Amino acid sequence: MKFPISSLKNRVQEYSWGSRTAIAQLLGKKVPAEAPQAELWLGAHLKAPSSILRGNNWVPLPEWIAEAPEEILGRSVAARFAGTLPFLLKILAAERPLSIQAHPDLAQARGGFARENAAGISLNNPIRNYRDENHKPEILCALTPFWALKGFRSTGKILELIDRMGVPELHAEGDCIRYDRHGDGLRIFVTRLLEMERGRQRNLVDRAALTAQSKAGSDPLFDWIVRLSQIYAGDIGALSPIFLNLIRLEPGEAMYIESGTMHAYLSGTGIELMANSDNVLRGGLTTKHIDLGELFNILRFADEMPIVVPATNISAVESVYGTAAKEFVLSIIRIGRDMPYISKEKRSVEILICTQGHSVICDAHGAVRLDFNQGKSVIVPACVGSYRIEGQATFYKASVPLEE
């Protein structure tokens with residue numbers, strides 16, 4: 001077969017907030033790594049595309065897909081997504097908190113990308129907001145206990161937490177919620193905090209951190225305010241646990257991030273699957289570019305109840321995390337000696353990564369047979385049809401939902 005099941009070689013992104021152990025251990029590399037390893041990218045994003053081995057040469061995945069998009073992606077996927085892989089799969093390892101951020105919807109991304117192109121801002125310019133014209137819905141599934149912030153708390157809960165903090169300056173800022181008559185108190189409160197003059201931010205964070213320190217151990221909220229204020233001294237984002245929902249995911253639990261949702265990943269290792277984009281608008285807890293005006297344009301200022309996305313069993317070995325995303329679907333598959341995984345005949349392109357154990361993957365005709373052990377990843381083109389995995393292992397599968 002011209003486009004068989006193939007092993008992937010993937011690129012590690014080294015960001016300061018990454019772990020020196022998590023990704024290295026998964027890949028069976030030297031621990032600790034020489035530099036913090038934040039993300040392992042599996043996909044065809046032009047910033048860091050995966051490669052496949054053709055003969056003696058490693059070929060970038062986008063080039064391989066371009067040879068025969070209908071065979072590799074599947075006819076309907078190739079038609080819907082202009083012959084490109086629509087998702088990006090990652091291993092994310094956060095030793096330190098990431099920035100508070102949000103992602104644009106599709107129309108916002110296309111408009112922003114066009115505006116910055118017209119303004120002559122190069123794609124590698126650090127002030128660039130839009131590095132592609134795609135949106136970035138994403139799902140994060142915890143591999144270890146994982147802490148995150150996601151979505152605005154209710155205004156009633158924000159006022160309750162402000163009162164518990166007992167910081168007069170913060171209490172005064174909360175008056176725009178307390179006496180809100182027009183339904184825009186949340187927007188005004190968050191805008192005032194993030195746009196606050198830097199000196200006032202530092203004083204407010206220092207006062208709040210002292211109070212939180214006195215309450216540390218009684219509530220994770222206070223523990224995180226203390227930690228964030230220590231890592232990002234004077235950054236108003238340290239107070240984000242007051243207005244954003246604080247979440248702890250246990251291994252196997254997942255959460256879905258829609259466009260316009262403010263969020264931050266705080267600590268832990270997880271599987272992240274998203275539309276193929278790198279568009280990020282940041283609001284704090286970072287030394288990178290912040291464009292508050294553009295961030296406020298894309299944010300949804302509405303309270304949100306944090307919901308853990310359940311894994312729904314679709315077979316004895318496979319569970320699916322259902323979302324509204326059209327670009328991707330995430331599955332977790334656990335196989336045993338007498339419980340192999342047998343795929344469907346009709347399916348889209350799939351990328352799989354083994355996170356634990358030892359197994360063998362082969363196509364229905366036995367033409368390809370690859371060891372598929374911890375840290376290994378493969379791409380299975382749609383044209384392969386049914387395939388089988390045997391052994392004792394856990395792996396995650398990224399695919400594209402087929403149209404009904």
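This is a short selection tour of a predicted model, with stops at a loop glutamine, a strand trio, a loop arginine and two cysteines.

**Stop 1: Gln37**

Start by selecting Gln37, which sits in the loop linking helix H1 (22-27) to strand S3 (39-43). Is Gln37 buried or exposed? Its relative accessible area is 14%, so it counts as buried. Now show the side chain and look for Ala24: the backbone nitrogen of Ala24 is 3.4 Å from a polar atom of the Gln37 side chain. To see who else is around, add Val12, Gln13, Gly18, Ser19, Ile23 and Ala93, which Gln37 touches along with Ala24, leaving aside residues up to four places away in sequence.

**Stop 2: S14, S15 and S16**

Next, switch to cartoon and pick strand S15 (residues 318-321) together with S14 (residues 311-313). These two run antiparallel and are joined by three bridges. They make a hairpin, with four residues between the strands. If you want a landmark for this pairing, Ala311 faces Tyr321 of S15.

Then bring in S16 (residues 329-335), which pairs with S15, again antiparallel, over four bridges. Here the landmark is Glu318, standing opposite Ile333 in S16.

Turn on the S15 side chains before you leave. In a regular strand, side chains alternate between the two faces of the sheet. What covers S15, one face or both? Both: Glu318 and Val320 are buried on one side, and Ser319 and Tyr321 are buried on the other.

**Stop 3: Arg153**

Jump to Arg153, in the loop between strand S9 (146-152) and helix H6 (155-165). This arginine is buried but has no salt bridge. Which side chain of opposite charge is nearest to Arg153? That would be Asp219, 6.8 Å away. Select Pro241 instead, and you'll find its backbone oxygen 3.0 Å from a polar atom of the Arg153 side chain. Beyond neighbours up to four places away in sequence, the contacts of Arg153 include Ile158, Leu161, Leu221, the run from Pro241 through Ile242, Phe243, Leu244 and Asn245 to Leu246, and Asp303.

**Stop 4: Cys141 and Cys354**

Finish with the cysteines. How many disulfides does the structure hold? Zero. Select Cys141 to see why: the closest cysteine sulfur, in Cys354, is 15 Å from its own, too far for a bond. Flip over to Cys354 and its closest cysteine sulfur is the one in Cys141. Cys141 has a relative accessible area of 0%, so it is buried. Cys354 is buried too, with a relative accessible area of 0%.

How values were computed:
Residues are numbered from 1 along each chain as its sequence is written. This is a predicted model: local features need pLDDT of at least 70, side-chain atom pairs count only at pLDDT 80 or more; totals for chains, interfaces and linings use all residues. Side-chain values use heavy atoms; hydrogens and water are left out. Buried means under 20% relative accessible area, exposed over 50%, partly exposed in between (1.4 Å probe, protein chains only). A polar contact is a pair of N or O atoms within 3.5 Å; within protein, one must be able to donate a hydrogen and the other to accept it, and residues adjacent in sequence count only if both atoms are side-chain atoms. Contact means heavy atoms within 4.5 Å. Two strands pair if DSSP finds at least two bridges between them. Lys and Arg count as positive and Asp and Glu as negative; His and the chain ends are not counted. A salt bridge is a side-chain nitrogen of Lys or Arg within 4 Å of a carboxyl oxygen of Asp or Glu. A disulfide is a pair of cysteine sulfur atoms within 2.5 Å.
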